[in-house]
Amino acid sequence: LQENIAFVLEGRVLSIAHIKKGSQLSDNAFIDGEFEVGYVRELVELVNSGALPVDLNELSSSTVDPTLGKAALDQIVVAGLVSLAAICLFLVVYYAFPGVVAAFAMALYVAGTLAVLMAMRATFSLAAIAALVLSVGMAVDANILVFERIKEELRAGRKLQTAISLGFRRALTAIMDSNIATILTSIVLWQFGQGAVKGFAITLIVGVLLSFLTAFTVTRSILVGLVGSGIGTDEKWYGLKRNWFGESLEAGAETKPLNIVSNAKRYFLLSAAFIAIGGVFIGMGGIKPNVEFQGGIEATFYLDADSNVTSKSLVATLEEGGITKANVKFGSVEDARVAYITVAPGGGVEAGDTDAIEKIAAAGELSTENATYSSVGPTIQAETWQNAIKALVFASALIVLFLAVRFGVALGGLKNGLKFGLSAIAALIHDVLVVVGTAGIVGFLLGWEISALFITAMLTVIGFSVHDSIVIFDRIRENLRRPHGGETFEHLVNKSITQSVARSINTSVTAVVPLAILIAIGTPTPELKFMCVAMLTGIVVGTYSSIFNAAPILYLWDKAIIKKRGANNGLMAEASREAKLRATRLQAQPEAAAEGVESGSAYGQIKRRSSVQDQATQNLDEDEE
């Protein structure tokens with residue numbers, strides 16, 4: 001039986017987590033705030049003996065039935081194993097030889113992540129395990145971006161070893177940028193979250209970091225080593241003919257790109273329709289806060305196997321028994337049906353009532369066997385709202401700042417970087433509104449409630465939405481840095497989208513698969529299932545908005561700047577000026593080398609010029625300096 005009790009200690013929230021098993025207590029206490037104690041027993045003894053002169057006022061408490069917890073753990077572990085198998089199968093089938101290498105690296109990644117988390121003594125809550133399963137899907141992103149780039153270089157006529165080298169090098173920027181965006185949102189989650197939310201954030205941060213290291217150390221080393229030893233040297237083993245997710249479009253990207261920009265209004269209207277549908281359900285009361293956000297009591301009851309009670313009928317029974325302001329939702333653990341009943345403050349039971357379960361059970365004609373409850377007082381409720389708002393604001397601000405600096409450095413300063421950053425945020429707002437609308441729909445139809453885990457899902461969506469936008473924006477940046485003659489910015493944006501669409505879809509598929517599996521077989525509680533549904537919706541919608549919203553918004557923004565300030569302030573003009581500066585620097589290199597010979601330091605300069613010549617023989621593009 002696990003109990004979690006929160007107290008106020010000298011103005012700070014102190015959360016004590018302890019596990020009763022027989023007469024023993026665990027030796028871990030997870031405490032939020034400045035006050036830290038290594039053992040629960042020591043703290044309890046100090047308080048009881050009067051040696052620690054403080055008053056402990058209960059703010060929230062909860063109990064978890066061990067049967068429910070064990071069954072839920074088994075379900076989510078099975079879902080994780082199925083997800084890993086499905087992702088490895090996709091890698092092998094779609095990318096052939098490099099996919100086999102990546103699948104082996106994925107197994108090492110999972111083992112390494114578990115080892116790091118155990119070394120950190122991280123808490124493996126259901127949410128943390130869900131984050132681990134999700135991170136497996138996200139860990140494939142780096143491999144997909146690299147493998148797609150290798151295929152692109154091979155189709156361009158590069159030799160295999162050169163294509164592999166360029167594939168890792170040219171995918172590095174997009175991978176690093178997208179991983180940083182995910183880490184930033186996870187850090188915000190860790191800073192403002194509590195309990196399971198912190199566990200989710202830590203797991204995701206560790207997973208993202210290790211996935212990057214795995215892709216650029218294990219996968220690269222094994223692939224380069226095997227090819228260098230003569231294994232896997234046939235280009236047929238690299239899946240060049242597998243064009244299932246839009247890769248066939250890349251061949252015509254230069255001459256016949258997807259016409260996204262000129263049809264932007266159509267896609268904007270479609271997005272507005274999605275948002276409006278959700279808004280209708282929100283207006284009908286679909287958004288339902290749980291006890292974390294409204295306070296009160298949430299109780300869990302096992303139902304008879306043949307019970308056919310519905311949410312409406314159980315709410316009506318509770319009202320007849322004197323319990324009002326109740327919301328009912330259902331879940332299942334193994335073969336058992338479980339009712340989750342939330343009672344808002346003033347509904348007949350209050351936070352801190354020691355007989356809350358008995359009152360609700362009597363009113364709803366339910367059994368108290370294995371029943372559990374959690375209660376949240378007004379202090380915790382207010383803090384949860386404040387932290388949720390702060391987390392969303394800080395995460396969005398950090399992403400805008402990061403993208404503005406990152407793309408500004410590459411393209412003429414912060415003003416240009418802001419175009420990319422704010423365009424990504426505009427698409428992000430669309431994704432958030434759609435996810436909130438989805439919350440209204442499932443809240444109205446199924447009674448699902450918004451919890452801290454839903455905010456976790458929202459912040460994860462923010463990171464992933466920006467991840468997909470970065471993939472396309474990075475290709476726009478790369479194309480801007482290349483000679484484009486009389487090409488228009490509209491054509492360049494359409495071309496960049498066409499070149500990136502397969503990567504965006506593939507990276508999303510590998511995140512969607514584990515989430516779909518979790519929803520189907522690995523989320524026994526409505527709260528966890530709701531989190532996964534929100535993330536699944538956000539990732540699908542985020543992929544859509546990255547392709548059909550983010551890049552067109554960037555184009556329209558640039559067009560508005562040109563109209564107001566002139567063509568010299570557009571991204572194409574900025575890129576041309578940057579190209580001239582690079583050309584000037586390159587022309588100055590022979591003179592610098594000659595000066596080096598005269599001053600006796602020619603060796604380093606000659607070596608650098610030789611390296612440049614070697615790169616030129618590999619038919620590298622102008623931006624490979």
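This passage describes the fold, the salt bridges, two helices and the surface of a predicted model.

The protein chain has 625 residues, and 52% of them count as buried. Its secondary structure consists of 16 helices and eight strands. Contacts across the sequence are frequent: among those between residues at least 6 apart, 77% join residues at least 24 apart. The accessible surface comes to about 27,400 Å², and carbon and sulfur atoms account for 61% of this area.

Two pairs of residues illustrate how parts of the chain that are remote in sequence meet in space. Ile76 lies in helix 2, which covers residues 66–119. The C-alpha atom of Ile76 is separated by 6.9 Å from that of Leu518, although the two residues are 442 places apart along the chain. Ile76 counts as buried, because its relative accessibility is 0%. The second pair is Gly283 and Gly440, which are 157 residues apart in sequence and 8.3 Å apart in space, C-alpha to C-alpha. Gly283 is found in helix 6. With a relative accessibility of 67%, Gly283 counts as exposed.

Helix 6, which spans residues 264–283, also holds Ser271. Ser271 is buried, with a relative accessible area of 4%. When neighbours within four places in sequence are left aside, the residues in contact with Ser271 are His430, Tyr544 and Asn549.

The model contains 13 salt bridges. Side chains of opposite charge can pair when their charged atoms come close. One such bridge joins the side chains of Glu153 and Arg149, with a nitrogen-to-oxygen distance of 3.7 Å. Both residues belong to helix 3 (residues 126–155), and because they are four residues apart, about one helical turn separates them. An α-helix has 3.6 residues a turn, so residues three or four places apart point the same way. Glu153 is buried, with a relative accessible area of 3%. Arg149 is buried as well, at 5%. The two residues are also part of a network of salt bridges that links Arg149, Glu152, Glu153, Arg158, Arg170, Arg475 and Glu478.

A further salt bridge is formed by Lys419 and Asp558, whose closest N and O atoms are 3.1 Å apart. This pair links distant parts of the chain: Lys419 is in helix 11 and Asp558 is in helix 14 (residues 526–565), with their positions 139 residues apart in the numbering. Both Lys419 and Asp558 are buried. Lys495 and Glu487 form another salt bridge, in which the closest N and O atoms lie 3.3 Å apart. Lys495 has a relative accessible area of 6% and is therefore buried. Glu487 has a relative accessibility of 17%, and because the limit for a buried residue is under 20%, Glu487 also counts as buried.

Helices 12 and 13 were examined for length, burial and bending. Helix 12 runs over residues 452–480 and has 29 residues. From its first C-alpha to its last, helix 12 reaches 42 Å, close to the 42 Å expected at 1.5 Å a residue. Of the 29 residues of helix 12, 29 are buried, so the helix is largely enclosed by the rest of the structure.

Helix 13 covers residues 489–522 and has 34 residues. Its span from first to last C-alpha is 46 Å, close to the 50 Å expected at 1.5 Å a residue. Helix 13 contains a kink of about 45°, centred on Ser500. In helix 13, 25 of the 34 residues are buried, so this helix is likewise largely enclosed by the rest of the structure.

On the surface, a nonpolar patch is formed by Leu401, Val405, Val409, Leu414, Leu418 and Leu422. Together these residues have about 520 Å² of accessible area. The elements that contribute two or more residues to the patch are helix 10 (378–410) and helix 11 (414–446). Leu414 is one of the patch residues and lies in helix 11. Helix 11 also carries Lys419, the partner of Asp558 in helix 14.

How values were computed: Residues numbered from 1 in each chain as written. Predicted model: local features only at pLDDT ≥ 70, side-chain atom pairs only at ≥ 80, totals over all residues. Heavy atoms only, no water. Buried < 20%, exposed > 50% of the residue type's maximum accessible area, 1.4 Å probe, protein only. Contact = heavy atoms within 4.5 Å. Patch = residues over 30% accessible without salt bridge, like charges linked within 9 Å, V, L, I, M, F, W, Y side chains within 5 Å. Areas by Shrake-Rupley, 256 points an atom, 1.4 Å probe, with all protein chains shown as cover. Salt bridge = Lys/Arg side-chain N within 4 Å of Asp/Glu carboxyl O. Expected span 1.5 Å × (residues − 1). Bend = angle between axes of the 7 residues up to and from the residue.
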